[in-house]
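Work through these exercises with the model open beside you. Try each task before you read its solution.

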Amino acid sequence: MQLRDLLVVVDGSARNEAVLGVAIELARRHDAHLTAICPLEALMPVNLAFALGGYPTLTTLQSAANQLENDALVVAEGLELKFRDLLRHREVRGDWELGRGAAGAAVARWARATDLVVLGQTDPDHPLPAPARHLVEDVLMNTGRPLLLVPFAGQIDTIGTNVLVGWNGTREAARAVHDALLLIRPAATVTVLTVERSRPGQEPQEMPGADIAAHLARHGLKVTAARTATDRSIADADALLSYASDLGADLLVVGGYGHSRARELVLGGVSRALLQHMTLPLLMSH
């Protein structure tokens with residue numbers, strides 16, 4: 001399976017170069033078309049309310065808002081020039097799109113007509129403006145497309161050669177596994193991991209991920225099914241990331257938001273924790 005149409009989100013963050021590097025390398029490897037979408041909302045000041053707070057009248061407020069948008073357009077022009085230079089240098093076909101209005105809606109419009117969306121993990125030390133702060137979740141939940149998230153720290157040398165699948169048997173996990181076939185290299189090593197809660201005296205059951213491991217093996221991949229038992233002192237997300245580190249994995253594949261976002265926000269959840277603490281590229285599907 002090959003990627004033919006990619007979308008990369010350019011948000012003006014310090015991690016733009018790494019995110020673009022991942023997207024362009026994927027496009028080059030698959031001979032795919034790459035579209036960059038730059039949502040203007042993501043280029044606004046982090047504290048937009050503070051930036052506009054010193055203007056007491058509607059007239060001066062509108063004037064200030066127009067100036068902020070013009071400033072964002074100047075930044076976007078610079079980002080576009082860098083993107084087009086990268087396309088020429090790497091001999092990749094591509095387009096540039098400017099997203100106006102709400103960032104999530106602007107990206108979602110283009111994402112629905114693509115094979116894969118590449119974007120960066122939110123950096124807590126350099127957050128996006130408040131209206132765009134949930135961009136990743138908005139795109140994941142509203143497009144039906146897989147997301148490849150690039151961590152905000154660390155160097156990305158390879159993706160898809162040593163893959164860890166976090167398997168829990170849900171619809172979202174099944175969707176993620178299928179979507180990941182676009183990224184898994186033919187000679188890759190794949191581990192299907194199930195995280196279980198340890199219960200004293202419980203007899204071990206059959207390997208939970210054996211069926212999906214067999215399915216992946218039929219695609220010609222080298223696959224191993226594994227399980228790890230944890231107590232409640234270790235979160236499932238931490239167990240997955242720890243196992244990925246031990247494996248030296250270069251891609252983690254999981255289903256995203258099997259529960260509602262509201263429930264995960266209140267109770268905590270694997271998806272939200274992985275988005276916050278990921279240490280390697282993450283393929284997530286909903």
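**Exercise 1: Aromatic pairing**

The count of aromatic pairs in this predicted model comes to one. Task: find which residues form the aromatic pair, and classify the geometry.

Solution. Step one: take the centres. Phe83 and Trp96 sit 5.8 Å apart, centre to centre. Ring centres must lie within 6.5 Å to pair. Step two: take the planes. The angle between the planes of Phe83 and Trp96 is 45 degrees. Planes under 30 degrees apart count as stacked and those over 60 as edge-to-face, so the rest are tilted. The Phe83–Trp96 pair is therefore tilted. Step three: place the residues. Phe83 belongs to helix 3 (residues 58–90) and Trp96 to strand 3, so the pair ties together parts 13 residues apart in sequence. Step four: check burial. Both Phe83 and Trp96 are buried.

**Exercise 2: The sheet**

Task: state the strand order of the sheet, and say whether it is open or closed.

Solution. Step one: read the order. Ten strands run 3-2-1-4-5-10-9-6-7-8, with mixed pairing, and the sheet is open. Step two: find the edges. Strand 3 (94–99) and strand 8 (222–230) each pair on one side only. Step three: gauge the turn. Neighbouring strands are turned by 25 degrees against each other on average, direction ignored. Step four: add the helix. Helix 1 (residues 16–30) packs on the sheet and touches strand 1 (5–9), strand 2 (33–39), strand 4 (116–120) and strand 5 (147–150). The direction of helix 1 makes about 175 degrees with that of strand 1. Step five: add another. Helix 5 (residues 135–143) lies across strands 1, 4, 5 and 10, at about 165 degrees to strand 5.

Task: do strand 6 and strand 7 run parallel or antiparallel?

Solution. Strand 6 (residues 162–166) and strand 7 (residues 189–197) run parallel, joined by five bridges. In one of them, Gly166 partners Leu193 of strand 7.

**Exercise 3: Helix 8**

Task: compare the reach of helix 8 with its expected span, then say what covers its buried residues.

Solution. Step one: helix 8 (residues 236–247) has twelve residues. At 1.5 Å a residue, 16 Å is expected. Helix 8 reaches 17 Å from first C-alpha to last, close to that value. Step two: list the buried residues. They are Ala237, Ala239, Leu240, Leu241 and Ala244. Step three: find the cover. It includes strands 6, 7, 8 and 9, plus helix 10 (270–277). Step four: look past the end. Gly248, just after helix 8, takes a positive phi of about 75 degrees.

**Exercise 4: Confidence**

Task: where does pLDDT stay under 50?

Solution. Step one: the mean pLDDT is 88, and 87% of residues reach 70 or more. Step two: pLDDT stays under 50 over residues 263–268.

Conventions: Residues numbered from 1 in each chain as written. Predicted model: local features only at pLDDT ≥ 70, side-chain atom pairs only at ≥ 80, totals over all residues. Heavy atoms only, no water. pLDDT = per-residue confidence, 0-100. Contact = heavy atoms within 4.5 Å. Pairing = 2+ DSSP bridges. Helix = DSSP H or I, 4+ residues; strand = E, 2+ residues; numbered from the N terminus. Axes fitted to C-alpha atoms, helices over the stretch in contact; angles between N-to-C directions. Phe/Tyr/Trp six-rings, centres within 6.5 Å; stacked < 30°, edge-to-face > 60°. Buried < 20%, exposed > 50% of the residue type's maximum accessible area, 1.4 Å probe, protein only. Expected span 1.5 Å × (residues − 1).
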